[in-house]
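Please take a moment to look over the sequence and the model before reading on. The paragraphs below are meant to be read with both in view.

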Amino acid sequence: MSTPLPGFESFGAPAAEPTSVGSGEGRGEQAGVEQAVSRATSAARREIAPGAVHVPGWLSLAQQQALVVACRNWARGPVPIRHTKLPNGGVMSVQTVCLGWHWQPYAYTRTADDVNGVQVAELPSWLVELGRTAVAAAYQGRDPATAAAHPSPTHTRDTCTPGTYTPLAYTPDTALINFYDAQAKMGMHQDKDERSNAPVVSLSIGDRCVFRFGNTETRTKPYTDVELASGDLFVFGGPSRFAYHGVPKVRPGTGSPATGLAGGRLNITLRMTGLRG
Ligand SMILES: O=C(O)CCC(=O)C(=O)O
Ligand SMILES: [Fe+2]
């Protein structure tokens, strides 16, 4: 099944991928990282639950534009963006394309066996760096126990002892790029196909949405509804890493075309799969 990408495919011309979206203009990589981390200090950084942090307006407009261009290119291939098929015969309303590892319910593989059998595009190093900066910005080097990340695949959510988190150890190896049109939603779920309890980094561009962030026990209440807007960062790790979450509503027409997205919502999650090979 292939649908056009209203407001995504049709807006703006594809361009070369950026080599970095993390740097400050002409100031070098380190300055860019410091800038991004301190942007999170000055922004209204809000801890929604232990280890779950919302940083509004974290991405600059230039970073959002660069990500839109890059995502539009990835949506074309080598594995085209698609509505993921569910084992129960359903189809997700969100369209997704993956980098590094391909996700289909409920496993990661290198090839997109439910799409065209082709290996997914690599996760570029600039996106890995952006993820690392995002984790540092969200946690601000504080409270390691709430942000435990164990890169070793032998550590799972069942075997992990929090307390050894370091942002530099954060090396995402997959990105799931989701495109939501005005009707798309995502039901309450846990991100639990990873064999790592490293944080999930979520970046939003385009239309605002209601992001429902719940608890680790049940897909129902208690939960907190967070408005995610263009440029927002949300990181969930530590005790919140396996919390249920979802997107019950996108707010059409609330994004700015200046991002390069005429309509709809783009969400990029970076994760560590804990897989090898
Ligand atoms: O779109 C979002 O903000 C969340 C996406 C998500 O939960 C997922 O891809 O697993
Ligand atoms: Fe998720």
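What follows is a walk through a sheet, a ligand shell, a helix residue and two peptide bonds.

The model shown here is predicted, and a good place to begin is the open sheet, in which four strands are arranged in the order 8-13-10-11 with antiparallel pairing. Strand 8, covering residues 186–189, and strand 11, covering residues 224–228, are the edge strands, since each of them pairs on one side only. On average, neighbouring strands of this sheet are turned by 25° against each other when direction is ignored. As a general matter, the strands of a sheet pair through backbone hydrogen bonds, and they may do so in a parallel or an antiparallel way.

Strand 10, made of residues 208–213, is joined to strand 11 by five bridges, the two strands running antiparallel, and strand 10 also pairs with strand 13 in the antiparallel sense over five bridges. Val210 lets the reader follow both pairings, for Val210 stands opposite Glu227 in strand 11, while in strand 13 the bridge partner of Val210 is Lys249. Cys209, in turn, stands opposite Leu228 in strand 11.

Which residues surround ligand 1? The shell consists of Leu176, Asn178, Met186, Asp191, Ser202, Phe211, His245, Val247, Asn267 and Thr269. At least two residues of this shell are supplied by each of strand 7 (174–180), strand 13 (245–251) and strand 14 (265–271). Sorted by chemical character, the residues around ligand 1 comprise four nonpolar, five polar and one charged.

Turning to a helix, the reader can find Ala138 in helix 3, which covers residues 125–139. Is Ala138 buried or exposed? Ala138 counts as buried because 27 C-beta neighbours lie inside 10 Å, and the cut-off for a buried residue is 20 or more. Ala138 and Arg46 are 92 residues apart in sequence, yet their C-alpha atoms are 9.0 Å apart in space.

The last stop concerns the backbone, where most peptide bonds are trans. Against that background, the peptide bond from Gly77 to Pro78 is cis, with omega near 15°, and Pro78 is found in the loop between helix 2 (61–76) and strand 3 (82–85). Another cis peptide bond leads from Pro105 to Tyr106, with omega near 5°, and Tyr106 is found in the loop between strand 5 (102–104) and strand 6 (107–109).

Methods. Residues numbered from 1 in each chain as written. Chains lettered and ligands numbered in written order. Predicted model: local features only at pLDDT ≥ 70, side-chain atom pairs only at ≥ 80, totals over all residues. Pairing = 2+ DSSP bridges. Axes fitted to C-alpha atoms, helices over the stretch in contact; angles between N-to-C directions. Near = placed C-beta within 6 Å. Nonpolar A, V, L, I, M, F, W, Y, C, P; charged D, E, K, R; others polar. Buried ≥ 20, exposed ≤ 12 C-beta atoms within 10 Å, placed from the backbone.
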